[in-house]
Amino acid sequence: MNYYSLNHNAPNVSFKGAVINGLAPDRGLYFPENITPLSKDFIENIDQYSNEEIAFKAIEQFVGDEIPKDVLQKIVAETISFEFPVVSVEDNIGTLELFHGPTLAFKDVGARFMARCLGYFNQNNTNKVTVLVATSGDTGGAVANGFLGVNGVDVVILYPSGKVSDIQEKQLTTLGKNITALEVNGVFDDCQDMVKTAFLDAGIERQLTSANSINVARWLPQMFYYFFAYKQLYKQHKDIVFSVPSGNFGNICAGMMAQKLGLPIKHFVAATNVNDTVPQFMKDGKYEPKSSQPTISNAMDVGNPSNFIRIQQLFNNDFANLKTGFSSFSFSDTDTKEAMTRIYKNSTYIADPHGAVGYLGLEKYELQADEYGVFLETAHPVKFLDVVENTLNQKIDIPADIQELIKKEKKSLLISSYNDLKEFLIN
Ligand SMILES: *Cc1c(COP(=O)(O)O)cnc(C)c1O
């Protein structure tokens, strides 16, 4: 499969090229040249297939012959080796739990898939790649875990000192081997700026790539979630509406790719916190990026969502068309805490702040009689322990492996400026 840049000013590349480059040289996001729907027969009988078979069918065309079939099958199987259950919350609402992976957040799937693809492309170690990533919390842990021990790939993670939760910090600072954590004296935007500067710095000779949802190998496997949810629901429910707590809009955009592949999805709701660039755009058609505001759903504190351009491409850059298949609403921290309390009171389900924003999206959308709503639970509530316990007035159980993790010793290098980062990358 070939990919073109959505800025239309860079050469087309293969899947391998897109994975290694991350972003096109014209700073555009890569987009597949063709999207071929899967057969009706497959979709209608999807419950006859294993998750491994479904995921392989969904991703196959986007990789093409650049990874041999048996290797890709193995990569897919390793990527999704945990559960993706839809749990009933109300009569017409369920939650798709995406937090059963090793770092308890949905980003595990994309990180594991990308790590294995990059590992395959680099197996002869001829051309060492450094994955450079800035994190506000969840990405770092998933990337560190996914890439641990992958040959030919070094991972450098920048995170803002004192601004990630304890569990998140331990997930990215305790692994060692090919993973280095740089603790930045600053906020997330400083980390992000340093990473962007490094990508443009001709003085750094290492091959750098990104591991956020800009990268096609992290973005595309997120399609799997929607197929797995559909498989569990379609025999009972005809019209399925997904509400996706959104920050960079990679996850929801992957859901729209699943729809392009023929998965019958009635409607998408993108639920955001007060970082409402997209909800505003859906009101007045003006896209005005802002600087991000901190919230209790911090993995969605994004003022200029990078994947929104891919969504517009999927709807042929046609605003009227986009409006028919997609809605977007924004919610405050107060709304979010009230929703967490309401969900818990009504059904004893404990939602994390991101999932609660997704739930609010379904409420606002107002499901019709024959519609079934699914909100995505993108992280385990334990990752946001303080907020969840204080909001619900309730202790939550900490899984045994997280208790082990908390005991481990943190290893990080403190940096304060871009020069510190550059020096680290050069030496
Ligand atoms: C990253 C993240 C999101 C946002 O996902 P996008 O693909 O960036 O829209 C939502 N919830 C959690 C817990 C996350 O880690």
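This is a short walk through the helix packing, the cores and a few single residues of a predicted model.

Let's start with the cores. The largest nonpolar core has 103 residues. Five residues have the most contacts inside it: Phe 15, Phe 147, Met 223, Phe 227 and Phe 326. Which helix gives this core its largest share? That is helix H10, residues 223–233, with 9 residues.

Take Met 223 from that list. Leaving aside residues up to four places away in sequence, Met 223 touches Ala 58, Ile 59 and Phe 62. Met 223 also touches Ala 254, Met 257, Ala 258 and Leu 261. Remember the spacing rule here. An α-helix has 3.6 residues a turn, so residues three or four places apart point the same way.

There is also a second, separate core, of 28 residues. Val 269, Phe 331, Ala 339 and Tyr 359 are among its members.

Now to helix pairs. First up, H3 and H4. H3 covers residues 51–63 and H4 covers residues 69–79. Their axes come within 10 Å and cross at roughly 125°. That crossing angle makes H3 oblique to H4. The crossing is right-handed. Who makes the contact? On the H3 side, Glu 52, Ala 55, Phe 56, Ile 59, Glu 60 and Val 63. On the H4 side, Lys 69, Leu 72, Gln 73, Val 76 and Ala 77. By class, the H3 and H4 contact has 7 nonpolar, 1 polar and 3 charged residues. Note Ile 59: that residue of H3 is in the contact with H4, and it also touches Met 223.

Next pair: H5, residues 107–121, and H6, residues 138–147. Here the axes come within 8 Å and cross at roughly 40°. H5 is therefore oblique to H6. This crossing is right-handed too. H5 brings Lys 107, Asp 108, Ala 111, Arg 112, Met 114, Ala 115, Arg 116 and Leu 118 to the contact. H6 brings Asp 138, Thr 139, Ala 142, Val 143, Gly 146 and Phe 147. The class count is 7 nonpolar, 2 polar and 5 charged. Phe 147 again: it was on the list for most contacts in the largest core.

On to helix H12, residues 277–284. Which of its residues are buried? Thr 277, Val 278, Pro 279, Phe 281 and Met 282. They pack against strand S11 (267–272), helix H13 (308–314), helix H14 (319–325) and strand S12 (326–330). After H12 comes Gly 285, with a positive phi near 75°.

That leads to backbone angles. Two residues other than glycine deserve a look. His 8 has a positive phi, near 55°. His 8 is in the loop between strand S1 (2–5) and strand S2 (13–14). Is His 8 buried or exposed? Exposed, with a relative accessible area of 58%. Thr 348 has a positive phi as well, near 60°. Its place is the loop between helix H15 (333–347) and helix H16 (353–365). Thr 348 is exposed, at 60% relative accessible area.

Last residue: Leu 362, in helix H16. Leu 362 counts as buried because its relative accessibility is 2%, and the cut-off for buried is under 20%. Beyond residues up to four places away in sequence, Leu 362 touches Ile 93, Val 241, Ser 243, Leu 367, Gly 373, Val 374 and Phe 375. How far is Leu 362 from Leu 6? In sequence, 356 residues; in space, 31 Å, C-alpha to C-alpha.

That's the tour.

Methods: Residues are numbered from 1 along each chain as its sequence is written. This is a predicted model: local features need pLDDT of at least 70, side-chain atom pairs count only at pLDDT 80 or more; totals for chains, interfaces and linings use all residues. Side-chain values use heavy atoms; hydrogens and water are left out. Axes are lines fitted to C-alpha atoms, for helices over the stretch in contact, and angles run from 0 to 180 degrees between N-to-C directions. Helices (H or I, at least four residues) and strands (E, at least two) are DSSP runs, numbered from the N terminus. Angles under 35 degrees count as roughly parallel, over 145 as roughly antiparallel, 65 to 115 as roughly perpendicular and the rest as oblique. A crossing is left-handed if the near helix is turned anticlockwise from the far one by less than a right angle, and right-handed if clockwise. Contact means heavy atoms within 4.5 Å. Ala, Val, Leu, Ile, Met, Phe, Trp, Tyr, Cys and Pro count as nonpolar, Asp, Glu, Lys and Arg as charged, and the others, Gly among them, as polar. A nonpolar core is a set of buried Ala, Val, Leu, Ile, Met, Phe, Trp, Tyr and Cys residues joined through side-chain atoms within 4.5 Å. Buried means under 20% relative accessible area, exposed over 50%, partly exposed in between (1.4 Å probe, protein chains only).
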